[in-house]
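Open the model in your viewer and keep the selection tool ready. This tour goes stop by stop.

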Amino acid sequence: MAKIDKLKEIKSDLREVFKALLYMILALLTGIVTIIYKVLIGAIPSHVIILGGIGLVVAFLIILYALKIWDKMQTINEEMKNVK
């Protein structure tokens, strides 16, 4: 039983990290859309679009890390099924 409890705790921690990463992705994508919109309407100089590109790269890296965490959560699910 101790192993199942430990796996549940790890899974719970990973779920919290996964949710935080999803919120970070949402915030980054919102910022990117805002930058693109403001460049299009002329409110900010066009060279600021570089920040949008950097944001896209960061969002992509965060998505990759979130997928890695998702895979780890699935592995923990399989381990929990095998322990029971």
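Each stop below names something to select and then says what is there.

**Stop 1: the whole chain**

Start with everything shown as a cartoon. Keep in mind that this is a predicted model. Count the elements: the protein has 2 helices and 0 strands. Its radius of gyration is 19 Å, while the globule rule gives 12 Å for 84 residues, so the protein is more spread out than a compact globule. Turn the model along its principal axes. The C-alpha atoms fill a box of roughly 60 × 15 × 10 Å.

Now switch on the surface. About 6200 Å² is exposed, and carbon and sulfur atoms supply 68% of that area. Of the 84 residues, 24% count as buried. Contacts are worth a look too. Take those between residues at least 6 apart in sequence: 76% of them join residues at least 24 apart.

**Stop 2: the nonpolar core**

Which residues make up the largest nonpolar core? Select these 11: Leu7, Leu14, Phe18, Leu21, Ile25, Ile62, Ala66, Ile69, Met73, Ile76 and Met80. Colour the set by element. Two helices each give two or more residues to this core: α1, residues 2-41, and α2, residues 49-83. The most comes from α2, with 6 residues.

**Stop 3: alanine 66**

Stay in the core and pick Ala66, one of its members. Alanine 66 sits in helix α2. Is it buried or exposed? Alanine 66 counts as buried because its relative accessibility is 4%, and the cut-off for buried is under 20%. Leave out residues up to four places away in sequence, and alanine 66 touches Phe18 and Leu21. Draw a distance from alanine 66 to phenylalanine 18, C-alpha to C-alpha. The two are 48 residues apart in sequence but 6.0 Å apart in space.

**Stop 4: leucine 21**

Move across to Leu21, another residue of the core. Which residues does leucine 21 touch, not counting those up to four places away in sequence? Show Ile62, Tyr65, Ala66 and Ile69. Among these, Ile62, Ala66 and Ile69 also belong to the core.

**Stop 5: the salt bridge**

Next, select lysine 19 and glutamate 16. Their side chains meet in a salt bridge, at 3.7 Å from N to O. The count for the model comes to 1 salt bridge. Both residues lie in helix α1, 3 residues apart, which is about one turn of the helix. Lysine 19 is partly exposed, at 40% relative accessibility. Glutamate 16 is partly exposed as well, at 46%.

**Stop 6: leucine 56**

Go to leucine 56 in helix α2. Leucine 56 has a relative accessible area of 48%, so it is partly exposed; the exposed class begins over 50%. Show its contacts. Setting aside residues up to four places away in sequence, leucine 56 touches Leu29 and Ile32. Then draw a C-alpha to C-alpha line from leucine 56 to isoleucine 10. They are 46 residues apart in sequence and 30 Å apart in space.

**Stop 7: the nonpolar surface patch**

Bring the surface back. Select Ile36, Tyr37, Leu40, Ile41, Ile49, Ile50, Leu51, Ile54 and Val58. Together they make a nonpolar surface patch of about 880 Å². Both α1 and α2 supply at least two residues of this patch. The largest share, 5 residues, comes from α2.

**Stop 8: two residues of the patch**

Pick isoleucine 36, which lies in helix α1. Its relative accessible area is 36%, so isoleucine 36 is partly exposed. Now add isoleucine 50, in helix α2. Isoleucine 50 counts as exposed because its relative accessibility is 55%. How far apart are the C-alpha atoms of isoleucine 50 and isoleucine 36? They are separated by 10.0 Å, and the two residues are 14 apart along the chain.

**Last view**

Zoom out and show the core and the patch in two colours. In this view, α2 gives 6 residues to the core and 5 to the patch. Helix α1 supplies at least two residues of the patch and two or more of the core.

Notes
Residues numbered from 1 in each chain as written. Predicted model: local features only at pLDDT ≥ 70, side-chain atom pairs only at ≥ 80, totals over all residues. Heavy atoms only, no water. Core = buried A, V, L, I, M, F, W, Y, C linked by side-chain atoms within 4.5 Å. Buried < 20%, exposed > 50% of the residue type's maximum accessible area, 1.4 Å probe, protein only. Helix = DSSP H or I, 4+ residues; strand = E, 2+ residues; numbered from the N terminus. Contact = heavy atoms within 4.5 Å. Patch = residues over 30% accessible without salt bridge, like charges linked within 9 Å, V, L, I, M, F, W, Y side chains within 5 Å. Areas by Shrake-Rupley, 256 points an atom, 1.4 Å probe, with all protein chains shown as cover. Salt bridge = Lys/Arg side-chain N within 4 Å of Asp/Glu carboxyl O. Rg over C-alpha atoms; globule rule 2.2 N^0.38 Å.
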